[in-house]
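Colleague: I am new to this structure and would like a close look at a single part. Please take one chain and describe its helices and what they touch.

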Amino acid sequence: MGHDLQQVFEASWRRLVGQLYAVCGDLTEAEEVVAEAFARAAARRRMFEGLDSPEAWLRVTAVNIARTRHRRRRVGERLGLSGVVGAAESRHPYLTDDRLAVVGALAQLPHVQREALALHYLADQSVADVAATLGVPIGTVKARLSRGRVALAAVLGETELLVEGESRG
Amino acid sequence: MGDRLDPEIVRLAEEAARKPDFNAVLARGAVLSRRRTASALIATVVVLAGLVVATQLAGQPQADQVVPVMPNPTPTPSTPTMPTPTPTPTPTPTVTTPADTERRAERARPTARQIVDDPASQIQGVQVVPGDNDKRVVLWTLCRNSGCTAADYAVAFTSDGFQTRVVPDVVWSNLEGTAWSNIVVRIADNGDVVVVHDFDESNRTRILTIRADGAVTTADISRDAAPVGEDEVLATIAQLDPGGAYWAIDTVAGRAHPATVPDGTQQVVQTDSGQLRALTEAGTYAWSDDGGAVWRKAPGAKDRSPLVSFVDSAPDTHVLMGGSDGATLFPFAEVRVLEDGSTWSVSRQSGDPLAYVGPAAVLPDGRLLARVQGWSDNGSLQGPLTGTPPGMYVSVGDDWSAYERIESGAPFDVPERMEPNVMELELTADGVRLTAIGPDFKAAWTSIDLGATWQELRAR
């Protein structure tokens with residue numbers, strides 16, 4: 001309680017960007033949604049400073065912002081916009097080709113599966129924490145993880161995606 | 001294979017993350033705090049982009065110096081600049097060579113006129129005044145490189161079908177790796193144009209009013225929400241989050257204020273009749289016939305459909321399309337009709353194949369017209385079009401569960417994904433007028449027979 005926003009910013013910024021990179025598949029996008037989450041915290045500072053878990057709040061907010069921005073692009077497309085806007089190339093950390101392929105494959109999944117896989121396996125969140133972040137029951141997260149692994153394996157052209165620590169959380 | 005989903009990916013992303021200045025985050029928070037009081041309107045020409053607007057506003061049309069657009073420092077509108085409408089030049093066909101493209105990439109930001117007149121420019125959006133499509137505004141974009149990861153935008157508008165035109169000397173630039181923001185361009189019945197830029201390089205909303213005579217003014221923005229006045233233009237930033245920006249703009253006075261909308265509003269549109277329609281985060285549909293002073297509400301507008309789209313219709317007919325999630329486009333899953341002001345009747349679509357739809361309208365004869373951008377059986381985007389042809393579809397029968405395709409004439413006679421690129425559906429006394437961008441993005445087209453035949457609209 002009584003968190004100082006700047007202290008949270010200094011302590012959590014990189015961790016949140018890393019986690020949101022897993023969700024968004026683009027480092028610039030991850031930085032922007034995390035910045036937006038901090039801006040929203042700054043706009044509601046009294047509320048933020050009373051939170052039990054400010055980083056969890058920021059993560060939930062950032063994931064929601066990422067989802068909204070994804071939908072906004074679709075709104076733009078529904079309005080008939082051509083693909084030239086928002087078409088900037090993705091930015092990534094230095095990753096091996098195999099890891100880049102996984103990030104690219106995640107981006108092709110429905111967002112509910114992508115978010116669950118990214119937060120659980122890449123961001124190392126427990127199933128319970130993922131459920132709290134996404135605002136869904138634990139059973140739903142487990143189902144999304146299961147289906148997501150199958151879908152990801154299909155995208156990667158592999159028979160099945162086996163992940164260590166699958167049952168953790 | 002066991003470690004493909006490797007947390008090392010996140011750790012490397014943490015290392016590569018660029019941390020912004022904390023004070024910049026605070027400043028953005030202050031803007032958001034002010035905007036939380038804001039509220040509603042209609043977006044017709046919308047650019048959703050990573051737009052950092054290096055805005056150029058010069059006093060004379062021929063001036064090329066860069067002058068940032070700044071908000072009014074005083075409550076009174078800034079002194080307008082007064083370029084006069086000029087005869088539209090006759091287009092001169094030119095050949096763009098690779099060398100030209102390279103030079104374009106290297107040169108300084110073009111002027112608004114250069115953007116509008118460049119043969120390589122493309123139409124990004126078009127809007128006409130209902131009932132008078134000689135009055136129209138067109139948003140043009142010129143890419144800076146082959147991938148169009150950076151581009152410049154300018155507006156051209158007319159009150160006489162581009163016999164004469166106004167091209168305000170204002171340029172918006174979309175640079176790589178810049179923050180997300182929006183531009184909405186809208187033309188009023190009197191021929192004036194407003195441009196709303198949400199989150200410019202200073203994290204501010206800036207609104208320009210451009211009079212039909214070419215005078216450009218930076219609007220004075222009030223933060224107090226109020227109903228939309230009869231002489232005000234509505235412009236809304238497309239946003240599915242509550243707290244979207246919905247602006248009512250008086251082009252004559254050069255003032256803007258947030259419109260009054262229901263709490264938790266996610267989307268607002270204004271029909272050609274002037275009726276406002278809103279959808280809240282909690283799934284309540286609301287409509288107002290007095291600019292938002294009084295809203296009638298109908299809860300239960302969405303349940304299993306995370307995406308909802310308004311269907312244009314007469315003021316006493318309220319229809320929504322529901323879409324499932326998980327796709328790039330809008331998957332048409334259901335139609336929802338408000339039967340008695342409070343009860344929704346829902347008819348689900350077959351989904352086999354699944355239609356991805358754009359604008360839709362209830363015709364005066366009761367049929368449902370929709371632009372189908374693509375079908376789930378159209379095959380890979382990179383491959384040839386297969387399966388059910390996209391295009392304009394109209395319902396057959398009474399329950400809007402079956403549809404037939406309108407065979408389009410030129411330039412949309414060959415079925416393609418996303419075509420016809422309809423930007424507007426305007427209900428008329430006996431039908432609907434469509435306004436679309438052509439396949440080459442160089443001209444606008446209009447149709448009054450559901451898209452069977454098209455007439456070109458000059459766009460610059």
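Modeller: What follows describes chain A, helix by helix, and then the place where one of its helices touches chain B.

The model is predicted. Chain A contains eight helices and zero strands, so its pattern along the sequence reads α-α-α-α-α-α-α-α. Of its 169 residues, 56% count as buried. Taking the contacts in chain A between residues at least 6 apart in sequence, 64% join residues at least 24 apart. The surface that chain A exposes is about 7,100 Å², and carbon and sulfur atoms supply 48% of that area.

Start with the pair formed by helix α1 (residues 5–24) and helix α2 (residues 27–43) of chain A. Their axes are 8 Å apart and the two helices pack at an angle of about 140°. That angle makes α1(A) oblique to α2(A), because only angles over 145 degrees count as roughly antiparallel. The crossing in which α1(A) passes α2(A) is right-handed. On the α1(A) side, the residues in the contact are Leu5(A), Val8(A), Phe9(A), Trp13(A), Leu16(A), Val17(A), Leu20(A), Tyr21(A) and Cys24(A). On the α2(A) side, they meet residues that include Leu27(A), Val33(A), Val34(A), Phe38(A) and Ala42(A), together with Glu29(A) and Glu31(A). By class, this contact of α1(A) with α2(A) has 17 nonpolar residues, no polar ones and two charged ones.

Next comes helix α6 of chain A, which covers residues 111–122. Eleven of its twelve residues are buried, so α6(A) is largely enclosed by the rest of the structure. Buried here means under 20% relative accessible area. The buried residues of α6(A) include Ala116(A), Leu117(A), Ala118(A), Leu119(A) and Leu122(A). His111(A), Gln113(A), Arg114(A), Glu115(A), His120(A) and Tyr121(A) are also among them. After α6(A) comes Asp124(A), whose phi is positive, near 60°.

One residue of α6(A), Leu119(A), also appears in the surroundings of Thr133(A). Thr133(A) lies in helix α7 (residues 127–134) of chain A. Its relative accessibility is 5%, so Thr133(A) counts as buried. Leaving aside neighbours within four places in sequence, the contacts of Thr133(A) are Arg59(A), Val60(A), Val63(A), Leu119(A) and Gln125(A).

The last helix to look at is α5 of chain A, residues 97–107, which comes up against helix α1 of chain B, residues 8–16. The axes of these two helices come within 11 Å and cross at roughly 95°. That makes α5(A) roughly perpendicular to α1(B). From α5(A), the contact is made by Arg99(A), Val102(A) and Val103(A). From α1(B), Glu8(B), Ile9(B) and Leu12(B) take part. The residues of this contact divide into four nonpolar, no polar and two charged.

As for the partner, chain B has four helices and 31 strands. Of the 460 residues of chain B, 56% count as buried. Among its contacts between residues at least 6 apart in sequence, 55% join residues at least 24 apart. The accessible surface of chain B comes to about 18,200 Å², with 52% belonging to carbon and sulfur atoms.

Definitions and conventions. Residues numbered from 1 in each chain as written. Chains lettered and ligands numbered in written order. Predicted model: local features only at pLDDT ≥ 70, side-chain atom pairs only at ≥ 80, totals over all residues. Heavy atoms only, no water. Axes fitted to C-alpha atoms, helices over the stretch in contact; angles between N-to-C directions. Parallel < 35°, antiparallel > 145°, perpendicular 65-115°, else oblique. Contact = heavy atoms within 4.5 Å. Nonpolar A, V, L, I, M, F, W, Y, C, P; charged D, E, K, R; others polar. Buried < 20%, exposed > 50% of the residue type's maximum accessible area, 1.4 Å probe, protein only. Left-handed = near helix turned anticlockwise from the far one by under 90°. Areas by Shrake-Rupley, 256 points an atom, 1.4 Å probe, with all protein chains shown as cover.
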